[in-house]
Amino acid sequence: MSAGTCPDIFELSNGDFAVIGAEATEALDGELPADASRADYERIVVISRETLIEAKKDIPDA
């Protein structure tokens, strides 16, 4: 990872969340669970467990 860059999750002004991570669509597309799918315009992004756990405190329950 370069200095000053890292995975992140942040809330947008409309309440949606954006994720910055490693693009992994090609590598993981065939590995999606049977109950998961993605649209052509969606990409699979990988973030670390540590990033998601750290972001959890900032994500509302409802």
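## A hairpin, a surface patch and two salt bridges

Phe10, Leu12 and Ile20 come together as a nonpolar patch on the surface, and their combined accessible area is about 240 Å². Please keep in mind as you read that this is a predicted model. Around that patch you will find an antiparallel pairing of strands S1 and S2, and elsewhere there is a helix, H2, covering residues 49-56. The structure also holds two salt bridges, and both are described below.

**The hairpin of S1 and S2**

- Strand S1 takes in residues 8-11 and strand S2 residues 17-20; the two run antiparallel and are joined by four bridges.
- Five residues lie between the strands of this hairpin, and Gly15 has a positive phi there, near 95 degrees.
- Across the pairing, the residue in S2 that Phe10 faces is Ala18.
- As a general point, side chains in a regular strand alternate between the two faces of the sheet.

**Ala18 and its surroundings**

- Ala18 belongs to strand S2, and it is the residue standing opposite Phe10.
- Which residues does Ala18 touch, not counting those up to four places away in sequence? They are Asp8, Ile9, Phe10 and Leu12.
- Asp8 is also a useful reference for distance: its C-alpha atom is 8.2 Å from that of Ala18, with the two residues ten apart along the chain.

**Leu12, a member of the patch**

- Leu12 sits in the loop between S1 and S2, and it shares the nonpolar surface patch with Phe10 and Ile20.
- Is Leu12 buried or exposed? Leu12 counts as partly exposed because its relative accessible area is 35%, which falls between the 20% and 50% cut-offs.
- Ala18 is in contact with Leu12 as well, so the loop residue can be followed from the patch to strand S2.
- For a longer separation, take Leu12 and Leu32: they are 20 residues apart in sequence, and their C-alpha atoms are 26 Å apart in space.

**Helix H2 and the segment after it**

- Thr51 is placed in helix H2, which spans residues 49-56.
- Why is Thr51 classed as buried? Its relative accessible area is 15%, and the class applies to values under 20%.
- Beyond its neighbours within four places in sequence, Thr51 is in contact with Pro7 and Asp8. Asp8 also appears among the contacts of Ala18.
- Lys57 is found in the segment after H2. Lys57 counts as exposed because its relative accessible area is 60%, and the cut-off for that class is over 50%.

**Salt bridges**

- How many salt bridges does the structure hold? There are two.
- One of them links Asp29 to Arg38, with 2.8 Å between the closest N and O atoms.
- Asp29 is partly exposed at 32% relative accessibility, and Arg38 is partly exposed too, at 28%.
- Another joins the side chains of Glu54 and Lys57, at 2.5 Å from N to O. The side chains of Lys57 and Glu54 are likewise joined by a polar contact of 2.5 Å.
- On the Lys57 side, this salt bridge involves an exposed residue, with a relative accessible area of 60%.
- In general, side chains of opposite charge can pair when their charged atoms come close.

Conventions:
Residues numbered from 1 in each chain as written. Predicted model: local features only at pLDDT ≥ 70, side-chain atom pairs only at ≥ 80, totals over all residues. Heavy atoms only, no water. Pairing = 2+ DSSP bridges. Buried < 20%, exposed > 50% of the residue type's maximum accessible area, 1.4 Å probe, protein only. Contact = heavy atoms within 4.5 Å. Polar contact = N/O pair within 3.5 Å; in protein donor to acceptor, adjacent residues only side chain to side chain. Salt bridge = Lys/Arg side-chain N within 4 Å of Asp/Glu carboxyl O. Patch = residues over 30% accessible without salt bridge, like charges linked within 9 Å, V, L, I, M, F, W, Y side chains within 5 Å. Areas by Shrake-Rupley, 256 points an atom, 1.4 Å probe, with all protein chains shown as cover.
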